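User: Could you take a close look at the aromatic rings in this protein and walk me slowly through how they pair?

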Amino acid sequence: MICFCKMKRWRLRTLFRLLLCISVLPTCWCANGIYAQKLLKDLFANYTSALRPVEDTNNILNVTLQVTLSQIIDMDERNQILTAYLWIRQVWVDAHLKWNKDDYDGLDTIRIPSSYVWRPDIVLYNNADNHFTGPMDTNVVIRHNGEIMWDSPAITKSSCKVDVSFFPFDAQQCRFTYGSWTYNGNQLDILNAMESADLADLVDNVEWEVQGMPAKKNIIQYGCCADPYPDVTYTLKLKRRAAFYVFNLLIPCVMISFLAPLGFYLPADSGEKVSLGVTVMLALTVFQLLVAEIMPPSENVPLIGKYYISTMTMITASTALTIFIMNIHHCGPDAKPVPKWAKTVILQYMARMFFVYEVGENCMSPQPEKQELPLGTNTDCTMNGQAGAGREDCAFKMERAQETENAEEREDIDQMMSPMGSMGKNPTNHYSAWKNGIFMSMDCGDAAGPRRCRKPGVSDGERNDRETSCSSQSYERQLLRNIEYIANCYRDQRATQKRTGEWKKVAKVLDRFFMWIFFIVVFFMSLLIMGKAI
């Protein structure tokens, strides 16, 4: 029973205390609100925001500046403008805005619009905004000792000198220079709140990586004025994320560049060697135009632009060499023989070095040259599978022929007996031709029987008188001349084919040589530009 009474008393006391606090708290709040209004009236009764808030005009007003980088919005390389979102904090002491907090019920700070108080005219010197807007008009926080803190966000557009020499593996440094526009160093001094800007709340950018933003105070004396002007310069260090440009501009260019040496591997008779070089040149020109649209017009050529120009120069050289090699490949029968030094250097050493062999050759045993068989004096020759008589008599029948043959008629008979004359492509046992409008024929009989010459249109009596037997030695001489003519034509054809084949092999060896040279050049060029990314 006693415990129950004690517990009841404790609950009553607790409820009484709670009701007392609830009744007194609104009175405190109303008291603070009344004191804040009273403080505002007292502070700004004789206050002006037009004058520098110092007790003595010879005193220097110190302004502490702190910058927080929140986001990099855009980097315009072509116009060289950096757009960033910043938080700017300025702290200074206003000698006219001090109070004793005990006189105002312990009121320590008040927040009022920034337009009520004097503000330093600190601006961004390298501002590139068309409207030239400053920080936002936010409230200021005033402490009882006269310290004013002004926090304001700002979207700034600042000029930034962009160096694209190593694009897309470049690093940039953009400066933000803050200083007073009208007050010199004897009136207003700017101090750094921190050694660098605050990057704790930075939003990552997809293209640029922030490596730091150190701050440095400078005192500059301009030519127009004798007084010094202090400023604080923040240097934003940026490094480009090159993955996007590597996959969209660099790797396609490298792949296209490796197509250029393959033009030397195409057969010369395909007719596509020069077309491939021109196509690759046009593709690289398109990529070059894309890079030119991004980069600012400056004397510094970007690294990827140098790579494009070098590759285009190489493709131009390869196309010119391809035309030269095709000219060698298509040398006709009238071409001169391959020089001895070219046979030794190109057809022997370089052909083995670049594995260029004819059909039937290999690297161990080159194909031997075929030796031409000399034309012997054997009269047992074969023409188109038909055996010719060795020492048989032939009879010639001529119409209105002279009894005595002179030298001119023998030359005509030689021409008539030649393969290009009467024999044609299919020689037979019957040969005929025209001589001065008179038909002449040579009719050879079978190999087993004797051969006689007969003249058409002559009577048997005259034929018997004029009939003569041909000497076997004269026939052999005529036959050997024909065979020798055929052999000479065959030798000339073989020599022409051999000479043309040697020039084609020279062109093929040169194709392989330049193909490997250009492959090596493209590889090292690609290796150098890729090495910049590491």
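Analyst: What follows looks at the aromatic pairs and at how covered their residues are. This is a predicted model, in which local features need pLDDT of at least 70 and side-chain atom pairs count only at pLDDT 80 or more, while totals for chains, interfaces and linings use all residues. Residues are numbered from 1 along each chain as its sequence is written, and side-chain values use heavy atoms, with hydrogens and water left out.

A pair of aromatic rings is described by the distance of the centres and the angle of the planes. Rings of Phe, Tyr and Trp (its six-membered ring) pair if their centres lie within 6.5 Å, and planes under 30 degrees apart count as stacked, over 60 as edge-to-face and the rest as tilted. By this rule there are 16 aromatic pairs. One of them joins Phe244 and Tyr245, with 5.2 Å from centre to centre and 85° between the planes, and it is edge-to-face.

For cover, buried means under 20% relative accessible area, exposed over 50%, and partly exposed in between (1.4 Å probe, protein chains only). Phe244 is exposed, at a relative accessible area of 55%, whereas Tyr245 is buried, at 8%.

Phe513 and Phe514 form another pair: their ring centres are 5.2 Å apart and their planes stand at 65°, so this pair is edge-to-face. Here Phe513 is partly exposed, with 28% relative accessibility, and Phe514 is buried, with 18%. Both residues also belong to one aromatic cluster, which Phe513 and Phe514 form together with Phe264 and Phe518. As a setting for these rings, buried residues make up 37% of the 534 residues in the protein.
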